[in-house]
Amino acid sequence: MKREDRLLAEKVLKHLLIGSQVDGVKFGPHSGTTILNFSNYSRKEDSDFVLSIETAWNLYPKPTDYPSCEEEVPNLTEKEQFQHIWSMRREKVVKVELGNQSPHLIIHLESNKVLFVNGHDPNYECWQLEEEWMSGDWLVVAAPGDEVAVWCLDGFEVF
């Protein structure tokens with residue numbers, strides 16, 4: 001992952017997610033897809049954002065050393081996934097970061113829990129964050145081969 005791509009992606013993710021809260025869930029067409037909704041009730045000008053997860057993820061009780069690939073993430077049942085989602089409902093996002101080598105998405109919540117989403121796959125997109133109504137203004141994707149792709153509003157300042 002190129003340094004400048006990582007910096008832009010992190011800046012966009014922070015802008016979109018910090019202060020928002022996990023506000024809904026949808027289970028995708030197969031057991032490998034989870035869709036989380038994030039709402040920021042203090043910023044009415046923004047729409048809600050949808051995180052589509054198509055890879056392994058886990059909720060850690062505190063910051064830790066994170067897995068480097070999907071195989072290292074505990075394999076959760078749908079019931080365990082739902083229990084994790086339930087335990088982080090309405091918690092505000094306080095920090096967002098990406099992994100150093102791969103675009104693992106690391107979302108820190110106000111309770112000190114950390115949502116970790118694998119970002120490493122040689123062939124497939126692992127996750128994407130976009131506006132709920134897919135206007136095309138904001139989109140961040142963990143692309144195959146440890147790359148990250150970002151679409152953002154014209155004029156969004158990188159530095």
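In the predicted model, Arg90 counts as exposed, because its relative accessibility is 57% and the term applies to residues with over 50% relative accessible area. Arg90 lies in the loop that links helix H2 to strand S5 (93-98), and its backbone adopts a positive phi of about 60° although the residue is not a glycine. Most residues other than glycine have a negative phi. A positive phi, near 65°, is likewise found for Asp146, again a residue other than glycine. Asp146 is placed in the loop between S9 and S10, and, in contrast to the exposed Arg90, Asp146 is buried, because its relative accessible area of 17% falls under the 20% limit for that class.

The strands on either side of the loop that holds Asp146 belong to an open sheet of six strands, arranged in the order S1-S2-S3-S8-S9-S10 with antiparallel pairing. Strand S1 (21-27) and strand S10 (147-151) stand at the edges of this sheet, and each has a single partner strand, so that one side of each is left without a neighbour in the sheet. From one strand to the next, the twist averages 20°. At the S1 edge, the antiparallel pairing of S1 with strand S2 (residues 34-39) extends over six bridges, and within this pair Val22 stands opposite Phe38 of S2. Helix H1 (residues 3-17) lies across S2, strand S3 (49-53), strand S8 (127-131), strand S9 (139-143) and S10, and its direction makes an angle of about 55° with S10.

Edge strand S1 also contributes to a feature of the surface, since a nonpolar patch, to which S1 and helix H2 (78-87) each give two or more residues, is present in the model. The patch covers about 370 Å² and is made by Val25, Phe27, Phe82 and Trp86, of which Trp86 lies in helix H2.

Beyond the loop that carries Arg90, which follows H2 and leads to S5, strand S5 pairs in the antiparallel sense with strand S6 (residues 105-109) over five bridges. In this pairing Lys95 stands opposite His108 of S6. The two strands S5 and S6 form a hairpin, with six residues between them.

Key:
Residues are numbered from 1 along each chain as its sequence is written. This is a predicted model: local features need pLDDT of at least 70, side-chain atom pairs count only at pLDDT 80 or more; totals for chains, interfaces and linings use all residues. Side-chain values use heavy atoms; hydrogens and water are left out. Two strands pair if DSSP finds at least two bridges between them. Helices (H or I, at least four residues) and strands (E, at least two) are DSSP runs, numbered from the N terminus. Axes are lines fitted to C-alpha atoms, for helices over the stretch in contact, and angles run from 0 to 180 degrees between N-to-C directions. Contact means heavy atoms within 4.5 Å. Patches are made of residues with over 30% relative accessible area and no salt bridge: like charges are joined within 9 Å, nonpolar side chains (Val, Leu, Ile, Met, Phe, Trp, Tyr) within 5 Å. Accessible areas come from the Shrake-Rupley method with a 1.4 Å probe; for residues, only the protein chains shown count as cover. A salt bridge is a side-chain nitrogen of Lys or Arg within 4 Å of a carboxyl oxygen of Asp or Glu. Buried means under 20% relative accessible area, exposed over 50%, partly exposed in between (1.4 Å probe, protein chains only).
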